[in-house]
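These are my notes on the model, set out as numbered points. Please read them with the coordinates open.

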Amino acid sequence: MDVIADRIKRIKPSPSGAARTIIAKLREEGRVVIDLTVGEPDFPTPSHILQAAAAAANRGETRYTHVQGMPTLREAIREQFLNDFGLDYPVADIIVSTGAKQVIFNGLAATVNDGDEVIIPAPYWVSYPDMVLLNGGKPVPVSAYPETHYKLTPGALERAITSRTKWLLLNSPCNPTGALYSRAELAALMNVLRRHPHVWLMTDDIYAHLNFTAERTVHPLEVAPDLKTRTLIVNGVSKAYAMTGWRIGYGAGPVALIKAMATLQSQSTSGTSSVSQAAALEALSGPQECVAAFRDIFKARRDAAVAGLSRVPGLEVVQPEGAFYVYPSCTQLLGRRTPEGKLIDTDADLVAYFLRHAGVALIDGTAYGVPGTFRVSYANSLDNIERACVNMQLAAKRLL
Ligand code: PLP
């Protein structure tokens, strides 16, 4: 009998983990690789946050915490939701977990019955479909048009909804496209949800602070407060505060759902790390200049990446408005041959070609549910981004 459970066989490891292994191997062989696969800021966590964590540990804050998270941290999260979006949640309706990833996972695990459908705009963060599958649900990817930055349209949403739809999962700004939904776009989508009272909304707002437009990020509940009774908000400190390794994410929603997620958490991981919670408390309630400083650096890199990639023959690039990714379409390069005569049939072939012949590591778009594309992360130095683009320009010109 196979020791591995069937549900594990439904899912696959994350592609960035696989990319890391290949990059490490090439570097061992002495090859120079510019790694544009990473999904995390390349900055150290700001020092005032480190100091707060050390002080908490030294004070003896090293024991189990409340399963839903330290009340002081939940109060700071409440303030953040109020300040950012004008949304007021009592601390009982807030849960702290081991990264936004665990909030999403627990939200699905607490609600999805076998065969329930979850609508996921494609391209999507790679973990969403696998988390749905792991919980017995059916991911329903919905793809839109590259020209509109693959943003979900009201018509496509309406067509995807069935009597089995449990959730719509919205991620703005989006990983992997960097697309940001405007107030009007959100209002149109929320109008559709209003017509389908059985559909819940999960908003993954992990990149909300990495918005390069003149307007602040708008939350769907600002345009449709009536949907609050069926919405789970997901956020965290990983991306905005360069704190991916601390593993702090949080959610807010109707108390019955938060309680169910807390029960699940109490029987799996318990409350997350006490020292990390102290760090997150300082991140949210301490000086906020670091967030704007990171955003400005990412914006300059975004501009460099868009300019450089636009000069790569055969790529179509839409300017992203947030997060730290660019998502070019590469269909014009498919069907060409390398100088050695190898056919570039898929986006994965092209990504492999850029790795070998340009020394640039990327992630193929098929991993995100949209073949004929790939993701470029600009969580890297300006110098590396510029060099990577030049190398890709030269390599693309050699394709016949
Ligand atoms: N949601 C999206 C869209 C992400 O890109 C990521 C991380 O890459 C996460 C959630 C997970 O965030 P965390 O590190 O807080 O678990």
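1. In which helix is the place of Ala184? The residue belongs to α8, which covers residues 183–194. The model is a predicted one, and the remarks below should be read as remarks on a prediction. Ala184 has 10 C-beta neighbours inside 10 Å and therefore counts as exposed, the limit for that class being 12 or fewer. Its C-alpha is 17 Å from that of Cys174, a residue ten places away in sequence.

2. On the overall fold, the chain contains 14 helices and twelve strands. Its radius of gyration is 21 Å, close to the 21 Å given by the globule rule for 400 residues, so the chain is as compact as a globular protein of that length. The C-alpha trace spans about 60 × 55 × 55 Å along the principal axes. Of the 400 residues, 48% are buried. If one takes the contacts between residues at least 6 apart in sequence, 73% of them join residues at least 24 apart.

3. On domains, the assignment gives two: domain 1 is made of 6–44 + 290–397, and domain 2 of 63–285. Their C-alpha centres are 26 Å apart. The contact between them involves 36 residues of domain 1 and 32 residues of domain 2. On the domain 1 side, α12 (289–310) and β9 (325–326) each supply at least two residues, and α12 gives the largest share, seven residues. By class, this side of domain 1 has 19 nonpolar, seven polar and ten charged residues.

4. On the small sheet that includes β9, three strands are arranged in the order β9-β12-β11, with antiparallel pairing, and the sheet is open. β9 and β11 (363–364) are the edge strands, each pairing on one side only. Two bridges connect β9 with β12 (residues 374–377). Across this pair, Val326 stands opposite Val376 of β12. β9 is also one of the elements on the side of domain 1 that touches domain 2.

5. On strand β2 (residues 94–97), both faces are covered. Ile94 and Val96 lie on one side, Ile95 and Ser97 on the other, and all of these are buried. In a regular strand, side chains alternate between the two faces of the sheet. The antiparallel partner β8 (residues 249–252) is joined to β2 by four bridges, and Val96 stands opposite Tyr250 in β8.

6. On the ligand, which residues come nearest? Of the 13 residues around the ligand, they are Gly99, Ala100, Lys101, Asn175 and Ser238. Helix α5 (residues 99–109) makes the largest share of the shell, three residues. The shell divides by class into three nonpolar, eight polar and two charged residues.

7. Is Gln265 buried or exposed? It has 24 C-beta neighbours inside 10 Å and so counts as buried, since the class begins at 20. Gln265 is in helix α10 (residues 255–266). Leaving aside residues up to four places away in sequence, Gln265 touches Val67, Ser97, Asn106 and Ser270. Ser97 is one of the buried residues of β2. Gln265 and Ala352 are 87 residues apart in sequence, and their C-alpha atoms are 40 Å apart in space.

8. On backbone geometry, some places deserve a look. Most residues other than glycine have a negative phi, and most peptide bonds are trans. Ala122 and Pro123 are joined by a cis peptide bond with omega about 0 degrees, and Pro123 is in the loop between β3 (117–122) and α6 (127–134). Another cis peptide bond joins Ser172 and Pro173, with omega about -10 degrees. Pro173 is in the loop between β5 (165–171) and α8, the helix that holds Ala184.

9. On positive phi values, His149 has a phi of about 65 degrees although it is not a glycine. His149 is in the loop between β4 (138–143) and α7 (154–160) and is partly exposed, with 18 other C-beta atoms within 10 Å. Ser270, also not a glycine, has a positive phi near 65 degrees. Ser270 is placed in the loop between α10 and α11 (274–285). With 13 other C-beta atoms within 10 Å, Ser270 is partly exposed, and it is one of the residues that Gln265 touches.

How values were computed:
Residues are numbered from 1 along each chain as its sequence is written. This is a predicted model: local features need pLDDT of at least 70, side-chain atom pairs count only at pLDDT 80 or more; totals for chains, interfaces and linings use all residues. Domain bounds come from an automatic or database domain assignment. Two residues are in contact if their C-beta atoms, placed from the backbone, lie within 7 Å. Ala, Val, Leu, Ile, Met, Phe, Trp, Tyr, Cys and Pro count as nonpolar, Asp, Glu, Lys and Arg as charged, and the others, Gly among them, as polar. A residue is near a molecule or strand if its C-beta atom, placed from the backbone, lies within 6 Å of it. Two strands pair if DSSP finds at least two bridges between them. The radius of gyration is taken over C-alpha atoms; the globule rule is 2.2 Å times the number of residues to the power 0.38.
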